[in-house]
Structures are given as C-alpha cells and as structure tokens.
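Visitor: I have the model open and would like to talk through how the chains are built. Could you show it first, and then we go piece by piece?

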Amino acid sequence: MEKISFHDQIVRNKRNSVFLMIFVLAFTVLIGFVIGEIYDPSIALLFIIAAAIIGIAQVSYSYYNGDKMVLKITNARPANTIDVKEKHLENVVEGLAIAAGIKAPKVYVIDSEEMNAFATGRSPENSSVAITTGLLNKLNREELEGVIAHELSHVRNYDIRFATFIAIAVGLVAILSYFFMRSMWFGGGRHDSRERGSSAGLIIIVGLILAIVAPILVRLIQMAISRQREYLADASSAQLTRYPVGLANALAKIKNVNKGNMDVPEAISHLFFVDPTKTYLDSLYATHPPIEKRIEILRKM
Amino acid sequence: MIELIIIGIIIAVAAVLVYFYNRIMVLSNRISNAWSQIDVQLKKRTDLVPNLVESVKGYMKHEKNVFEMVTKARENMMKAGTVQEKAKANNMLSNALKTIFALAENYPILKANENFLMLQEELSGIENKIAYARQFYNDSVLEFNNMVTTVPGIWFANIMSKQSKPYFEVTESERKPVKVSF
C-alpha cells in the first residue's frame with residue numbers, strides 16, 4: 001500500500017508542476033493580450049507573441065534556477081565543512097540520504113537564531129537542503145536527524161519541485177498583476193474610449209478580474225498543498241529514522257524557541273519546516289499544520 | 001474467435017513474465033547498489049583509521065592494547081570478502097573505535113584538539129552512514145527475499161537462478177556493550 005501511494009505522490013507532483021507551468025504561461029499570454037487590446041488592437045498579436053516568449057523564458061528559467069533563487073532570497077550559504085558542527089550536519093544529511101536511497105542534496109546554512117529548515121530543487125538529483133544555525137545549535141543528533149529526514153522525504157517524492165515552482169509562481173503572478181495594473185493606468189488614458197466601443201471595455205474588465213483573482217488563486221494553491229504533505233513527510237521521516245520521538249522532540253523545542261520573525265517573503269513560507277513568519281493572516285492563509293497536532297501524531301506512532 | 005482468445009492468452013502470459021522478470025531484476029540491482037553504498041563507507045573508514053591512530057598515539061601512551069585491537073580489526077576488514085565476513089569485521093572495528101573514543105574522554109588535551117574532534121566527527125559520521133546503509137540494504141534484501149521465496153516469484157527465481165541473499169547483520173554475541181578497562 002505504502003509503495004503505491006508513494007509512487008502516486010511522485011506522479012501527482014510532476015503533473016501538478018506541469019499544470020502550474022501552463023497556468024503561469026497562460027496568465028502571462030492573457031495579460032499580454034489584454035494590454036495589447038487596450039494599447040493598440042491592430043498590433044495585439046505582437047503583444048501576444050512577445051508575452052508568450054517572455055512566459056516561456058520565465059517558466060524555463062524558474063524550472064532550472066528556482067532553487068538558486070530561493071536559496072538567495074533566504075540568504076543561505078553553503079555549509080562550511082571545516083567547522084565541526086556543519087561537518088556533522090553534512091554527515092547527517094549524507095547518512096539519511098543513503099537510508100532514503102537518494103543522492104545526497106547539497107547542504108546550506110542560514111545564519112539565524114530561529115529554528116527552521118527547508119528543501120528545494122527540481123529533482124532528487126538536483127536538490128538542496130538549508131538549515132538555520134539556530135536549529136543546528138539547539139538540537140541533539142536524534143532531533144536533527146528527524147528534521148533532516150523530514151526534508152529528505154520532500155526531496156524524495158518531488159514535493160520540492162512543485163513547492164519551489166509555487167513559490168516562483170506566487171512571485172511572478174504578483175509581479176505580472178502589478179505590471180498589468182500599471183499599464184492600465186498609462187495605456188488606458190491614451191485613447192478615447194468611445195473609439196473602441198464596448199468590446200474593449202469588456203476586455204479591460206476581464207483583465208482586471210484576472211489580475212485580482214490570479215494572485216489569490218496561487219495563494220490558495222500554496223496553502224492547500226502544504227498541510228497534508230507536512231504530515232506525510234513527518235510519517236516518512238519516522239520511517240527513515242525509525243525514531244518518531246526525535247522529530248517530536250525537535251518540534252517541541254521549536255515551538256518553545258521560535259518567535260516567527262524570520263525575514264522571508266510569504267511566497268516561500270510553505271517551503272519551510274515550520275511557518276517562518278507569524279502574521280495576522282495565518283488563520284486564513286495557514287501554510288502549515290499546527291505544531292501541537294504534528295507532535296501528537298508522532299508521539300502516537 | 002478462437003485465435004483472438006489464444007492471442008489474448010499469449011499476451012497476458014508474456015505480460016506476467018515481463019513483470020516478474022523486471023521486478024526481480026530491479027530488486028536485485030537495488031541490493032547491489034545498496035551493498036556498494038556500504039562498501040564505500042567501509043573503505044572510507046578503513047582509510048581513516050591510520051590517521052586517527054597517528055593523531056592520538058602521542059597522547060594515549062598507556063593504551064597500547066586498544067591500538068593493537070584497532071590495527072587488528074582494520075586488517076580483518078581489509079581481508080574480509082563476503083557479506084558475513086565484512087559484517088563481522090565491521091563490528092570489530094566499530095567496537096575498537098568506540099573504545100578509543102571512550103578512552104579519549106580521559107584526555108582533556110585531546111578533547112581540545114581541533115584535528116582530533118574533526119576526525120571523531122568524520123568517523124562517527126561514517127559509523128552512522130554504515131548504519132543507514134545497512135538499514136537500506138537489509139530492507140532491500142527483505143523485499144527481494146520475499147519475492148524469490150514465495151509463489152509465484154520462486155518459479156521465476158529458479159529459472160533465473162536467483163537465490164535469496166544474506167542480510168548484513170550483527171549477531172547477538174557481538175552486540176554487547178563495549179568494555180572499557182582503565
């Protein structure tokens with residue numbers, strides 16, 4: 001049973017990633033189309049082609065470099081293997097990668113007192129894990145292994161590909177919507193609206209709705225994917241380390257220590273082991289299941 | 001009509017054959033892969049042991065026995081060929097290293113030595129990797145053995161002359177805790 005659902009998970013992640021790419025591409029082209037229609041309908045086709053090219057460039061760039069962008073935004077640096085602590089971290093990652101039967105991801109460290117971690121990349125062969133110094137300093141070996149095993153199960157079942165792509169999509173769609181609103185401001189005033197008739201008005205309204213709805217839509221996707229797969233990764237972590245108590249203890253420590261003030265954008269918060277930022281929107285847009293609930297499930301294993 | 005049924009049966013039989021052949025091959029390859037993971041770590045550790053002995057020898061002048069133990073274990077490790085032999089030699093080496101690190105607790109100068117700490121981290125990292133590689137290897141062997149010892153897998157295994165494979169395991173007598181004498 002477990003094998004099948006694990007395989008299904010990989011298939012689902014790959015398929016969802018493709019859907020999301022198509023969504024971002026289609027959104028870019030649509031924005032191009034609407035801007036073209038507003039600006040000058042006679043050359044609207046040019047706008048569509050340009051938008052399509054930009055869209056394809058965006059999608060392929062983020063497919064290959066999404067992980068580097070995420071690492072950069074979070075100020076992650078490669079682990080310093082001259083340092084005994086960070087060497088230890090690398091050893092733990094390599095050991096658990098062997099247990100999981102995957103290639104060991106590259107190891108990064110984020111200098112922060114907060115205790116957190118994330119994994120990113122497009123496949124188990126091209127993946128990275130990043131751990132905050134707070135986590136590294138405050139956890140003992142069993143606890144650290146629990147957290148790393150959790151991240152490696154995200155790597156193994158391609159959660160990282162979809163999750164990284166969502167992060168990029170959240171950012172891109174927000175930028176595109178903003179860009180669209182700006183172009184409406186400038187482009188809209190140039191022509192006398194009476195010349196263009198009601199079809200142009202309709203297009204503008206459709207464009208406006210799109211520009212408002214799309215960012216909310218990707219946020220909803222971001223929220224929906226995360227919770228269930230956190231429980232799943234916790235379970236796979238216990239399966240790898242054969243010691244669920246380690247992960248449960250790590251979560252208990254994190255709950256006591258973390259203030260939720262990490263300097264990361266909301267767009268990538270779902271990648272993290274626990275929610276890096278506590279905001280008033282959390283009840284609406286919670287990207288993580290409550291820590292208490294996770295601990296309770298692990299303790300029952 | 002009868003031809004169609006015959007063709008259908010042939011296709012079904014062929015599909016079953018292909019499935020079992022591939023399944024057995026995949027599981028068998030996974031074991032080889034898992035084994036090479038263990039082997040890599042065993043080799044790394046065997047290479048590191050002389051460094052460790054070299055760096056602690058000067059401090060631990062009165063612990064001759066333990067160095068002999070480590071050197072002996074290392075030699076056994078290098079001689080071992082089969083899975084069982086390697087498992088046995090591995091345990092011996094693990095115990096010998098544990099003894100060294102336990103004794104090192106008595107030497108504060110050693111505990112403050114960066115070089116020693118790094119070696120210790122590296123060796124205990126390898127120790128854990130061996131444990132995890134063994135876990136992955138034994139899981140793979142279990143799955144393979146279940147396949148080739150139960151019906152219908154056993155029929156295919158016989159045709160392909162595949163037999164159940166040995167576990168990489170610790171026997172009860174070797175699992176007892178390390179005795180450190182002062």
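**Walking through the two chains**

Guide: To begin with chain A, 70% of its contacts between residues at least 6 apart in sequence join residues at least 24 apart. Please keep in mind throughout that this is a predicted model.

Visitor: OK, and how many helices and strands are there in chain A?

Guide: Chain A has 10 helices and four strands, and along the sequence these follow the pattern α-α-β-α-β-β-β-α-α-α-α-α-α-α. Of the 301 residues of chain A, 46% count as buried.

Visitor: In what order do the four strands sit in the sheet of chain A?

Guide: The order is 1-2-4-3, in an open sheet with mixed pairing. Strand 1 (77–78) and strand 3 (117–123) of chain A each have a single partner strand and stand at the edges, so one side of each is left without a neighbour in the sheet.

Visitor: Mixed how? Which pairs in chain A run antiparallel, say strand 1 with strand 2?

Guide: Strand 1 and strand 2 of chain A do pair in the antiparallel sense, over two bridges, and within strand 2 of chain A the residue opposite Arg77(A) is Val109(A). Strand 3 of chain A is also antiparallel to strand 4 (residues 126–132) of chain A, with six bridges joining them. The parallel pairing is that of strand 2 with strand 4 of chain A, which extends over five bridges; there, Val109(A) stands opposite Ile131(A) of strand 4.

Visitor: What joins strand 3 to strand 4 in chain A?

Guide: A hairpin does, passing from strand 3 to strand 4 of chain A through two residues. Looking at the register of that pair, Ala119(A) has Val129(A) as its bridge partner, while Thr120(A) stands opposite Ser128(A).

Visitor: Is strand 3 of chain A mostly covered or left open, given that it's an edge strand?

Guide: Strand 3 of chain A is mostly covered, with six of its seven residues buried, even though it stands at an edge of the sheet. Strand 2 of chain A is mostly covered as well, since four of its five residues are buried.

Visitor: Then which helix lies across strand 3 of chain A?

Guide: Helix 2 (residues 44–73) of chain A lies across strand 2 (106–110), strand 3 and strand 4 of chain A, and runs at about 165° to strand 3. Helix 3 (residues 84–100) of chain A packs on the sheet too, where it touches strand 2 and strand 4 of chain A, and its direction makes about 140° with that of strand 2.

Visitor: Changing topic: what domains does the assignment give for chain A?

Guide: The domain assignment gives domain 1 as 2–73 + 161–222 and domain 2 as 77–159 + 224–300 of chain A. Between them, 22 residues of domain 1 are in contact with 21 residues of domain 2.

Visitor: And which element gives the most to the domain 1 side in chain A?

Guide: Helix 6 (159–188) of chain A gives the most to the side of domain 1 that touches domain 2, with eight residues. The elements of chain A giving two or more residues to that side are helix 1 (2–39), helix 2, helix 6 and helix 7 (193–241). By class, the residues on the domain 1 side are 13 nonpolar, five polar and four charged.

Visitor: Let's move to chain B. What's its secondary structure?

Guide: Chain B comes to six helices and zero strands, so to speak in sequence order α-α-α-α-α-α. Its radius of gyration is 24 Å, well over the 16 Å that the globule rule gives for 182 residues, so chain B is more spread out than a compact globule.

Visitor: What does the C-alpha trace of chain B span?

Guide: Along its principal axes the trace of chain B spans about 90 × 30 × 25 Å. Of the 182 residues of chain B, 25% count as buried, and residues 24 or more positions apart account for 78% of its contacts with a separation of 6 or more.

Visitor: Last one: how many residues of chain B are in contact with chain A?

Guide: There are 11 residues of chain B in contact with 10 residues of chain A. Helix 5 (residues 114–149) of chain B gives the most to the chain B side, with 10 residues, and by class that side has five nonpolar, four polar and two charged residues.

How values were computed:
Residues numbered from 1 in each chain as written. Chains lettered and ligands numbered in written order. Predicted model: local features only at pLDDT ≥ 70, side-chain atom pairs only at ≥ 80, totals over all residues. Contact = placed C-beta atoms within 7 Å. Nonpolar A, V, L, I, M, F, W, Y, C, P; charged D, E, K, R; others polar. Pairing = 2+ DSSP bridges. Axes fitted to C-alpha atoms, helices over the stretch in contact; angles between N-to-C directions. Rg over C-alpha atoms; globule rule 2.2 N^0.38 Å. Buried ≥ 20, exposed ≤ 12 C-beta atoms within 10 Å, placed from the backbone. Domains from an automatic or database assignment.
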